[in-house]
Each structure stands twice: as structure tokens, then as C-alpha cells.
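Student: Could we go through this structure together, beginning with its empty spaces and then turning to how some helices pack?

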Amino acid sequence: MNVTETGDKGSQLPTEGSPQKNSAEHEGYAGVHVPERIAETDDTNANESKERLLEKIISRDNLNEAFKRVKANKGSHGIDGMGVDELLQYLKENGETIKEQILAGRYRPNPVRRVEIPKENGKKRNLGIPTVVDRVIQQAIAQMLTPIYEQQFSDNSFGFRPKRSAHQAIRRSQQYIQEGYRYVVDMDLEKYFDTVNQSKLIEVLSRTIKDGRVISLIHKYLRAGVVVKHKFEETEVGVPQGGNLSPILSNIMLNELDKELEKRGHKFVRYADDLLIFCKSRRSAERTLTNILPYIEKKLFLKVNREKTVVDLAIRVKFLGFSFYNQRGQVKVRIHPKSIAKMKTRVKELTARSNGMGNEERAERLRRYIMGWVNYFKIADMKNLLQTTDEWMRRRIRMIYWKQWKRIRTKFEKLISFGIPKFKAWEYANTRKSYWRISNSPILAKALDNNTIKGLGFLFFSDYYRQVTA
């Protein structure tokens, strides 16, 4: 991709003091935002660095690895419209200039593009999509910060970390409950990513990162702003959720809370901003909540949702889509009812009679969903759930085919081709019973039996569960 002139699609090489007007989306905000330079101290001098971390970030090998990650993740375009497929050519032509600007402190990140994602409660989550060039730079920074901070992070933190997973967080929680910590403080940080205090985050970063140029570059990304419906908005608080830097930055901030909880001797499990603090009694849990609130709100300047933050029995809370239960003195893991309801809603959408999908596409999309869902929840006890879910899903698939056959003659011929006697095929072809009722009939269950449905390309929950847990 050639470097574009003003008004064309493509990432210009942004420098401080030179407003960008690369596309129609830029109009209305170009020149409005001038990122502030952080207050420099002896620890974060932007002109000198002994560790030369910035040089490591923009090294050839690190940037190549960052490019590969961004390309593999694909994702949508930023405000400049450039897609991942155009990124390689652009970096070949402009990569050295970008590196020079970063080293000179003149690089200016683009604002992120706001995208709203629906949440389960009907509200929306704000995501900020950086340009693909900025995603590479953010990823390069994250790759260098990760090994530095992994040495500091708590063993009870599991989100967005290498070789750690939600499954491990659930197993650790299960262990604590089994040890007698039957009550939890289920902490809800209100709009965490949107409310992070940037000054506090910069202060925390500066304790470890002594290359002030890196701190300054991260600060520019925090203050880059957001474009909402072609209108620029400043970002004076928060960490844009959706960028490559946000996971590591959120962990760095919440590591302060982890260290405080450890200092106070608490058992806890944190996955990103989902936090459970385990206690042996309700009174202890209530006291823990009362004592930790001032630290979170007055020291870290984060907001706690008082309505959603609860003290309850551990077996009654939902954590990462799972819940816990007791069976003969053993604490076990199951899928929370809300997660089951969400799964059934999705399967119902994919097996709707009028969603316009062809049967091959339907089978493929169901297959992908089932594989992802089972892989996430496979540590839970769910054999009986999957069996009943499969029976219900197969009935819905039979209903789809019965409706698609439409005409009496077509139904008659299809039933005969699947081995149904002529008199029964004719009887059912002429029935006026509803699609849903017929889908549960022994005749249709025989015509479209389990093996036939599998042969049509459909995957069953139970089959895949046995496959991944064998």
C-alpha cells in the first residue's frame, strides 16, 4: 500500500503537532486533541534511559512478532479504514519512519473507533478499535511489559496472562471452598475499563518502568481519544477496552489490589476485573468487604458497584459462567443456569426455521459454536445436561427439515426415501399437526435418526464432550 495523501484511506505517519485528516471520519476532530506529556520525574525522564526499553520494543524481532499476532487475530479496521491485509505493505514502506518518530517522541497514536457490544443485561459494552498500525505498536509494548510484570503478578490472578486460564481460576476457587472458605465477597468493579484513573496507572507503571519514553508513549495511547459517530471525544479516564495494551494495563492496575489482599492475608481469585474473596464465615466476609472498600475507592480511585457487589455462600454465586455445588462432602463445578440459558438461546437462534441459513451453513455454525462452548465449560459436570440439550436440538433440526419439505408430495417422497412405509408416509405427509409437534413424532425420529442427522454434517454436544474429555 502506498502512503496516501490527505483524504485517502490509510494510516498517515502521525506526529505531535501535526493534526491528522486522513479520511472523512477525521473531519471535526483534527487538531482538537493534543496529547499531554506526562509530568517527568527523576524516574521517568523522557530524554534519558538506562535500560533502553523503548529500543527493545521497536526492535525488528519484537515488531515482527507483534505483526504476526495482529495479523493472526484479524479484527476490524480502525478510524483510517486500513485492514489487516494491507498492513504488511504499509509497514514495509513506512516502518522505519514510524520507528524514528517513536524514538524521537513525535509519534502520535490515532484515536480509537468506538464499537458497542450488547451485554447479557441488555446494556452495551464500549470497545475501542485502534488502527492496525497502532495495534502492532501496542502489541509490541505489551510483549515487552509482560515478562517484566509476570514476576510481580499474584499467583491468584488468572486473566490475560500466559499459561493461565479461566479453568485454573475455577479450580483454585473450588480448592478454597473445599478448604472451608464457604463464603465469598463477589466484587463488582463498575465499568472498570472505562473508569481507570490514568494518573494512578501512570504512577504505578513508573515504579517499575524506568524508561520515561515508554511511559510517555503509553500515556499517549491512553489519551489518544475516541471517535463516536464521526465525532472526536477525549479520553481523560479509562483504558480503551479492545486494544492490545488494555489487558496488561488492567492487570498492572489491579495487581495493586492483589498485593493489598495478600498483605491482609486473604484468599482470593481474580480473573481480569472479576474478583472473589473467600472467607470462612458471613461475618468475616462482610468485615472484609467493609475494610477493602476504602482502599479500592480512595487509593486506587476505582468505582465499586454496591448493588452488584454481594456477600454470599460461594455455591450461590456465578463466576466466569460457572457455579459450585456440594455432593457428599465434595465441592464440584457445574455450569451456572444463566450460562445454560444463554447457550440454549444461541442454539435456538441457529436452529430457527426462518433465519435464512442454508443447512450446510447452519451445520457449520452450530459445529463451531458447540466446539467453543464445550471447550470452555468442559471442566464442569454436564453429561446429563448435554444429553437433554442434544435431544432438544435434534428435535429442532428435524422441525427445520420437515418445514423445508413443504409440499405433501415432497414430504411423502422424503419419508419413503428414509425407509418409512408408504401408508405411514402418506398419513404423515397429509397431517395438519404443527411443525414442532411432528418433529417429536416416532416417524420423523426414525426418518431423521441420530446417524442421519450426523451424516448431514451436524455435531452433537455429547459427542464432542466425549471427544475432548476422553
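**Pockets, cavities and helix packing**

Tutor: The second largest pocket has a volume of about 420 Å³. A pocket is, on a 1 Å grid over the protein atoms alone, an open set of points with protein on both sides within 12 Å along at least five of seven lines, and lining residues have an atom within 4 Å of a point. This is a predicted model, where local features need pLDDT of at least 70, side-chain atom pairs count only at pLDDT 80 or more, and totals for chains, interfaces and linings use all residues. Residues are numbered from 1 along each chain as its sequence is written, and side-chain values use heavy atoms, with hydrogens and water left out.

Student: Which residues are the closest to the centre of that second largest pocket?

Tutor: They are Leu63, Asn64, Leu91, Gly95 and Lys99, out of 17 lining residues.

Student: And which element gives the largest share of the lining of that pocket?

Tutor: Helix 3 does, with 10 residues. Helices here are DSSP runs (H or I, at least four residues), numbered from the N terminus.

Student: What about cavities, how many of 30 Å³ or more are there?

Tutor: There are 2. A cavity is a set of grid points where a 1.4 Å probe fits but cannot get out. The largest cavity holds about 110 Å³ of space, a volume being the space filled by probe spheres set on the points.

Student: What lines the largest cavity?

Tutor: Its lining includes Asn110, Gln138, Tyr221, Leu222 and Leu249. Helix 8 and helix 9 (246–263) each supply at least two lining residues.

Student: Changing topic, at what angle do helix 7 and helix 8 pack?

Tutor: Helix 7 (residues 198–208) and helix 8 (residues 212–222) pack at about 160°, with their axes 11 Å apart. Helix 7 is therefore roughly antiparallel to helix 8, a term for angles over 145 degrees. Axes are lines fitted to C-alpha atoms over the stretch in contact, and angles run from 0 to 180 degrees between N-to-C directions.

Student: Which residues meet there?

Tutor: Gln198, Leu201, Ile202, Leu205 and Ser206 in helix 7 meet Ile215, Ile218, His219 and Leu222 in helix 8. Contact means heavy atoms within 4.5 Å.

Student: And how far apart are the axes of helix 7 and helix 9?

Tutor: They lie 10 Å apart, at an angle of about 85°. The two helices are therefore roughly perpendicular to each other, the term for 65 to 115 degrees. Lys200, Leu201, Val204, Leu205 and Arg207 of helix 7 make the contact with Leu249, Ile252, Met253 and Glu256 of helix 9.

Note on methods. Parallel < 35°, antiparallel > 145°, perpendicular 65-115°, else oblique.
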